[in-house]
Amino acid sequence: MSINLMAGSRLPASCSSMGRVLLASLPDADIRKIMKAHPPSKRTPKTITSQKAIFDLIQKAKRDGFAIVDQEIEIGLRSIAVPLHSANGKTIAALNVGVAAVQDSADDLRSQYLDKLLAVQNALRPLL
C-alpha cells in the first residue's frame, strides 16, 4: 500500500468507512446535498461511484452502526469504522481500523474488529 494516513488525513467521505458512518448521522436530504456537491470519483477499480449505490451503503451504515470499505480508497486497503457519539448521542467523530487486503477478507473485518471498536465507542461516550 502506498497510502500514508495519519490523524488529520482527509479522504472522500463517499468511499471511506469513516466518511460513510459520519454521513450516516445526517438527515437523508443533507446526504443527498453533499453527494450532489461532491460527486464521487473513481480512485480504484473497486470504488463505487453510483450515487444511489453509495446512498444505499450509507443507509446500511445507519442501520448497522458501522461501515466496511473494501479497496475503494486504495487497492490493498480495507477498513471498518464506527461512529463516536457524545454523551447526548450526537455523532461527533468516527473510529476505524484499516488492514492490508492480504491479511483479512472484507467479511472478516466484522468478526475480527467490530466488537473491539464498539467497546472503544462505548468507553469513549461518557468522555465526549
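## Strand β1

Along β1 the side chains alternate. Ala-67 and Val-69 point to one face and are buried. Ile-68 and Asp-70 point to the other face and are not buried. This description rests on a predicted model.

Four bridges join β1 to β2, and the two strands run antiparallel. Two of the facing pairs can be named. Ile-68 has Ile-80 of β2 as its bridge partner. Asp-70 stands opposite Arg-78 in β2. In the β1–β2 hairpin, six residues lie between the strands. One of the hairpin's residues, Gln-71, takes a positive phi near 60°.

## Confidence

The mean pLDDT of the protein chain is 91. Of its residues, 95% reach 70 or more. Among the elements, helix α3 (residues 51–64) has the highest mean, at 97. Strand β3 has the lowest, at 92. Where pLDDT is low, the predicted coordinates should not be read in detail.

## The sheet

Three strands form an open sheet in the order β1-β2-β3. The pairing is antiparallel. β1 (67–70) and β3 (91–100) are the edge strands. Each has a single partner strand, so one side of each is left without a neighbour in the sheet. Direction ignored, neighbouring strands are turned by 20° against each other on average. Strands of a sheet pair through backbone hydrogen bonds, either parallel or antiparallel.

## Strand β2 and its pairing with β3

β2 covers residues 77–85. The strand is mostly covered: nine of its nine residues are buried. Nine bridges join β2 to β3, and these strands run antiparallel.

Several facing pairs trace the register between β2 and β3. Ser-79 stands opposite Gly-98 in β3. Ala-81 stands opposite Asn-96 in β3. Leu-84 stands opposite Ala-93 in β3. The β2–β3 hairpin has five residues between the strands. In this hairpin, Gly-89 takes a positive phi near 95°.

## Helix α4 against the sheet

Helix α4 (residues 106–124) lies across β1, β2 and β3. The helix runs at about 25° to β2. Its buried residues are Ala-106, Leu-109, Leu-114, Leu-117 and Gln-121. What covers the buried residues of α4 includes β1, β2 and β3.

α4 has 19 residues. From its first C-alpha to its last, the helix reaches 26 Å. That is close to the 27 Å expected at 1.5 Å a residue. There is nevertheless a kink of about 50° in α4, centred on Tyr-113.

## Two exposed residues

Asp-115 has its place in helix α4. The residue has a relative accessible area of 62%, over the 50% cut-off, so Asp-115 counts as exposed. In the same helix, Leu-114 and Leu-117 are buried. The C-alpha atoms of Asp-115 and Ile-34 are separated by 30 Å. Along the chain, these two residues are 81 residues apart.

His-38 is found in the loop between α2 (28–37) and α3. His-38 also counts as exposed, because its relative accessibility of 57% is over 50%. The C-alpha atoms of His-38 and Lys-60 are separated by 20 Å. Along the chain, His-38 and Lys-60 are 22 residues apart.

Conventions
Residues numbered from 1 in each chain as written. Predicted model: local features only at pLDDT ≥ 70, side-chain atom pairs only at ≥ 80, totals over all residues. Heavy atoms only, no water. Pairing = 2+ DSSP bridges. Axes fitted to C-alpha atoms, helices over the stretch in contact; angles between N-to-C directions. Contact = heavy atoms within 4.5 Å. pLDDT = per-residue confidence, 0-100. Buried < 20%, exposed > 50% of the residue type's maximum accessible area, 1.4 Å probe, protein only. Expected span 1.5 Å × (residues − 1). Bend = angle between axes of the 7 residues up to and from the residue.
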